[in-house]
Protein chains: 2
Amino acid sequence: MNLKQFSEILNLSQTTVSRALNGFPEVSEKTRNRVQSAAIQYNYHPNTQAKSLATGKSMAIGHVLPVNKQEIINPIFTDFIAGTGEILSRSGYHMAVTVVEDEGEEAAYRDMASKKSVDGVILHGPRENDSRIPLLQELGIPFLVHGRAQTTETPYSWFDVNNCRAFKKATELLIDLGHHRIALLNGLEYMDFAVRRRRGYEQALAQAGIELDPSIMRSEEMMEPYGFSATMQIMQQPNPPTAFLVSSVIPAMGVQRALLKLGLQPAKDVSIVIHDDQLSFLPADLFTASRSSIKDAGKRCAQMLLEQIKNPNAPPLTELWEAELIIGESTGPAKNK
Amino acid sequence: MNLKQFSEILNLSQTTVSRALNGFPEVSEKTRNRVQSAAIQYNYHPNTQAKSLATGKSMAIGHVLPVNKQEIINPIFTDFIAGTGEILSRSGYHMAVTVVEDEGEEAAYRDMASKKSVDGVILHGPRENDSRIPLLQELGIPFLVHGRAQTTETPYSWFDVNNCRAFKKATELLIDLGHHRIALLNGLEYMDFAVRRRRGYEQALAQAGIELDPSIMRSEEMMEPYGFSATMQIMQQPNPPTAFLVSSVIPAMGVQRALLKLGLQPAKDVSIVIHDDQLSFLPADLFTASRSSIKDAGKRCAQMLLEQIKNPNAPPLTELWEAELIIGESTGPAKNK
DNA sequence: TTGTATGCGTTATCAG
DNA sequence: CTGATAACGCATACAA
């Protein structure tokens, strides 16, 4: 059923029906009610493509996901889009997800711009001086960066968690508990968030006069086996750490597994502090953590992007959330040697 | 840049340019080359909405994700769409992801049909006698079910793993190792796959003359804390099992955590067999498993759906994969009592 | 092999 | 408050 047929049923012009459905003020209450209830009755929905063509709006938000980079298509992303999608669908938007080979990412954005297939984009996993940011600016697509990239160029909209402070506080907590050898299992350090986390860790150590020890610092993709093998290796070195600071609950599961395998009790023998994205499928209160819900982040990102689409000429929006430091069961005082 | 402008640059009609770009045979090699290189040079891409409107094809595959049902928006889904998206993007398709409140699912499908916003749909998480299947049939949208629903109605296209046989074999393996008390930590049993898995488990037990014991059987969402708490509870009952059969590696992580907490060694004290979807972020060889890559499933589903879109009148496509039984480090002979 | 004219289903402009 | 008509950008039947 299209508009023409539908308006014929109602004995109205297409124009009036369209206006009634789109909430234009000039149509009479009576007509509007008649149209709206008929739309439900006949299950009439305007064709998306035609509407897009006429308005220039696609009512879609794009996500470009490089396939080889596990950092983006990962379980954290799932919880993120659960939040994003929830907000978007309330506003009538859907998500256009494109999977690309790593080297096809730029082309994908150019494509979107040229085809006008999305009204905005959420940019995931920013790196330092991420080239995608100037690209999107050049293309003129509204976009919001989930995270930040230390760029000196023109400002852009972003949403981020204060990773530096979160990890500084987490490290301070461990230091206050008497820990002086604290291992860091970070994410990949070409990702901006990982750089900031490392910086927070370093700042806290420096303040306490503790020297950095690269032999107990790692940087890899946040997967369980990484946490396991890094812990096995680090704990079997001479002078092992008494605490671990871990970038996500996923590798932390591996850390815990390794400790148990080594006969060590979390909290009692070795303390663990993690950054907790509050993933829905993993335990919540197992670890002491700097906590910040990734799903809520997804919601907020969607809201900010929609605002930006609404006011294209407004200055860039930025928002920085503080993580909450939660004391769980995985930390305890350092043992005196 | 639109077709009109682009064709004026080339001094050709819109028709010829369109044909050259869409691979029609009648256009001369020379013209085609000229058009194609100019398209690259001027970065011309046809507008998606206009193309869709003219052809009736949206070049999009839909996923409808109910937000409250964790069973669908979960880390397994992530790996699935990584596979799906990879295949689709090669064919020029993208994915339209819509998040809906649980009760809005039917409306979302009706909406898609009415708006013609997708060319096909992948249906996730089928239940027994799933009402979405007749709905999609009624709406006339090509669709492929990932999994099956025991429906007596008209046939439909599906892709599935032989869950029943996988769990039967897994159970047999444990029985062969001398285990007679085998706990089952299943997924939610209103999901079709969970029903089939339970059936496989029951068949193997029946063959071996072992009676079912509901006190060591659970059915919940496949999350880590579920594995942990179910194991803690089951192992502290009188006459605890000597083996666990677990629906996914995620709750299995919890099983393992519980066993270690209870001072029990996997394989040695208690055996664990899981179904392993080969999630990218969790350990691969930790458990003895019936293994079947969820990412490959995603790929195959995409291929099958595309075939179906191509030949709308062909009979439904179905495909059943057998899982591979992999011996890992989590199984051993039952201890003699 | 190329071009002309029309339709796809909306929204937007302008007139009444 | 309502309606006729022109875009929107492309594909395609038909003509040359």
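A residue is called buried here if 20 or more other C-beta atoms lie within 10 Å of its own, with C-beta atoms placed from the backbone.

**View 1. Chain A as a whole, in a predicted model.** By that criterion, buried residues make up 50% of the 337 residues in chain A. The chain holds twelve helices and twelve strands, and its C-alpha trace, followed along the principal axes, spans about 90 × 40 × 30 Å. Among the contacts in chain A with a separation of 6 or more, 70% are between residues that stand 24 or more positions apart.

**View 2. The surface near DNA strand C.** Around DNA strand C there are 25 residues, of which Leu3(A), Ser18(A), Asn47(A), Ala50(A) and Ala54(A) come nearest. Both protein chains take part: at least two residues each are supplied by helix H1 (3-10), helix H2 (14-21) and helix H4 (48-55) of chain A, and likewise by helix H2 (14-21) and helix H4 (48-55) of chain B. The largest share, five residues, comes from H4(A). Sorted by class, the residues of this surface are nine nonpolar, 13 polar and three charged.

**View 3. The contact between chain A and chain B.** Here 45 residues of chain A are in contact with 45 residues of chain B. On the side of chain A that touches chain B, at least two residues each are supplied by H4, helix H5 (75-90), strand E2 (94-100), helix H6 (105-115), helix H10 (224-235) and helix H11 (249-261). This side of chain A comprises 22 nonpolar, 17 polar and six charged residues. H4(A) therefore deserves attention in two views, since this helix supplies at least two residues to the side that touches chain B and also five residues to the surface near DNA strand C.**View 4. The strands that pair across the two chains.** E2(A) and strand E2 (residues 94-100) of chain B are joined by three bridges, and the two strands run antiparallel. Within this pairing, Val97(A) stands opposite Met95(B), a residue of E2(B).

**View 5. The relation between the two copies.** Chain A can be laid on chain B, with an RMSD of 0.1 Å, by a turn of 180 degrees combined with a shift of 0.1 Å along the axis. Such a turn and shift give the relation of a two-fold axis. The same surface serves both copies, as 100% of the contact residues of chain A recur in chain B.

Methods: Residues are numbered from 1 along each chain as its sequence is written. Chains are lettered from A and ligands numbered from 1 in the order in which they are written. This is a predicted model: local features need pLDDT of at least 70, side-chain atom pairs count only at pLDDT 80 or more; totals for chains, interfaces and linings use all residues. A residue is near a molecule or strand if its C-beta atom, placed from the backbone, lies within 6 Å of it. Ala, Val, Leu, Ile, Met, Phe, Trp, Tyr, Cys and Pro count as nonpolar, Asp, Glu, Lys and Arg as charged, and the others, Gly among them, as polar. Two residues are in contact if their C-beta atoms, placed from the backbone, lie within 7 Å. Two strands pair if DSSP finds at least two bridges between them. Copies are superposed by least squares on the C-alpha atoms of residues with pLDDT of at least 70 in both. A residue is buried if 20 or more other C-beta atoms lie within 10 Å of its own, exposed if 12 or fewer, and partly exposed in between; C-beta atoms are placed from the backbone.
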